[in-house]
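Here is a friendly walk through one protein model, from the way its helices pack to the metal site they surround. Have the sequence and the 3D view at hand as you read.

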Amino acid sequence: MAEETAAPPDAINLLERDHRLVDRMFAEYEDTEGTDAGRRTMLVGRMIEELSAHADIEERILYPLMRDVLPDGDEQVSHAIEEHDEAKQTMARLEDMTPSDDEFDGAVRTLIEAVRHHVEEEESELFTRLRESVDAQKLAELAAELEAARATAPLSPTEEGVDGTTPLQQAQERQSE
Ligand SMILES: [Fe+2]
Ligand SMILES: [Fe+2]
């Protein structure tokens with residue numbers, strides 16, 4: 001993995017580092033699409049782990065703060081969680097498939113497109129505005145909280161999180177509300 005420039009511990013830097021990691025996995029997947037089934041299985045497995053943990057720590061640590069500090073935080077966070085929930089549903093479908101399934105590459109493309117869109121919105125809107133609203137010390141504290149939360153984050157949409165439900169169950173519950 002390429003080294004990023006050293007940055008102080010800061011919640012936004014940390015989450016953007018996760019984004020770059022999945023960007024690289026997406027690009028690698030696109031290079032192998034339709035060819036090496038073993039490699040595609042491995043890459044999708046890593047995407048699911050990384051995205052599951054990332055969504056969980058954002059939802060537990062970052063998004064509650066955004067709801068509080070951004071004037072339209074509730075609306076923004078609800079929209080972001082809807083996008084997370086769509087990704088969780090696509091990842092759950094992918095967990096039941098192998099690259100030999102006709103729908104496999106299509107489902108991965110759906111996931112990649114949706115996550116790229118979400119990441120772009122987060123970085124250009126939410127993270128930028130959060131950085132303007134909280135100070136460096138708060139962002140450093142949040143970084144520590146995010147790292148601690150990562151230790152208990154589910155690595156799959158069907159793995160139970162700290163509250164005893166799975167990300168997929170939460171997504172389905174929210175959808176039925
Ligand atoms: Fe997110
Ligand atoms: Fe994110």
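A good place to start is the contact between two helices: L15, D18, H19, L21, V22, M25, F26, E28, Y29 and T32 in α1 meet R39, R40, L43, V44, R46, M47, E50, L51, H54, I57, E58 and L62 in α2. Sorted by class, the residues of this contact comprise 12 nonpolar, three polar and seven charged ones. Please keep in mind that the model is predicted.

**How the helices pack**

Two packed helices are described by the angle between their axes and the distance between the axes. The axes of α1 and α2 come within 10 Å and cross at roughly 160°. That angle is over 145°, the cut-off for roughly antiparallel, so α1 is roughly antiparallel to α2. The α1 and α2 crossing is left-handed.

Further along the chain, helix α3 (residues 73-95) packs with helix α4 (residues 104-133) at an angle of about 160°, and their axes are 10 Å apart. These two helices are therefore roughly antiparallel to each other. Their crossing is left-handed, and the contact of α3 with α4 holds 10 nonpolar, seven polar and six charged residues.

**The iron site**

Which residues donate to the iron ion (ligand 1)? The protein donors are E58 (OE), Y63 (OH), H84 (NE2), H118 (NE2) and E122 (OE), at 2.0 to 2.3 Å from the ion. Along the sequence, these donor residues follow the spacing E-x4-Y-x20-H-x33-H-x3-E. The iron ion (ligand 1) and the iron ion (ligand 2) are 3.3 Å apart, with E58 coordinating both. Y63 lies in helix α2 (residues 37-69) and H84 in helix α3, so this pair ties together parts that are 21 residues apart in sequence.

**A histidine beside the donors**

H19 belongs to helix α1 (residues 11-32). Leaving aside residues up to four places away in sequence, H19 touches H54, E58, V119, E122, E123 and F127. Two of these contacts, E58 and E122, are donors of the iron ion (ligand 1). The C-alpha atoms of H19 and E132 are separated by 20 Å, and the two residues are 113 residues apart along the chain.

Are H19, Y63 and H84 buried or exposed? The table gives their values.

| Residue | Relative accessibility | Class |
|---|---|---|
| H19 | 1% | buried |
| Y63 | 1% | buried |
| H84 | 6% | buried |

Buried means under 20% relative accessible area, so H84 counts as buried at 6%.

Note on methods: Residues numbered from 1 in each chain as written. Chains lettered and ligands numbered in written order. Predicted model: local features only at pLDDT ≥ 70, side-chain atom pairs only at ≥ 80, totals over all residues. Heavy atoms only, no water. Axes fitted to C-alpha atoms, helices over the stretch in contact; angles between N-to-C directions. Helix = DSSP H or I, 4+ residues; strand = E, 2+ residues; numbered from the N terminus. Parallel < 35°, antiparallel > 145°, perpendicular 65-115°, else oblique. Left-handed = near helix turned anticlockwise from the far one by under 90°. Nonpolar A, V, L, I, M, F, W, Y, C, P; charged D, E, K, R; others polar. Donors = N, O, S within 2.8 Å, 3.2 Å for Na, K, Ca; no water. Buried < 20%, exposed > 50% of the residue type's maximum accessible area, 1.4 Å probe, protein only. Contact = heavy atoms within 4.5 Å.
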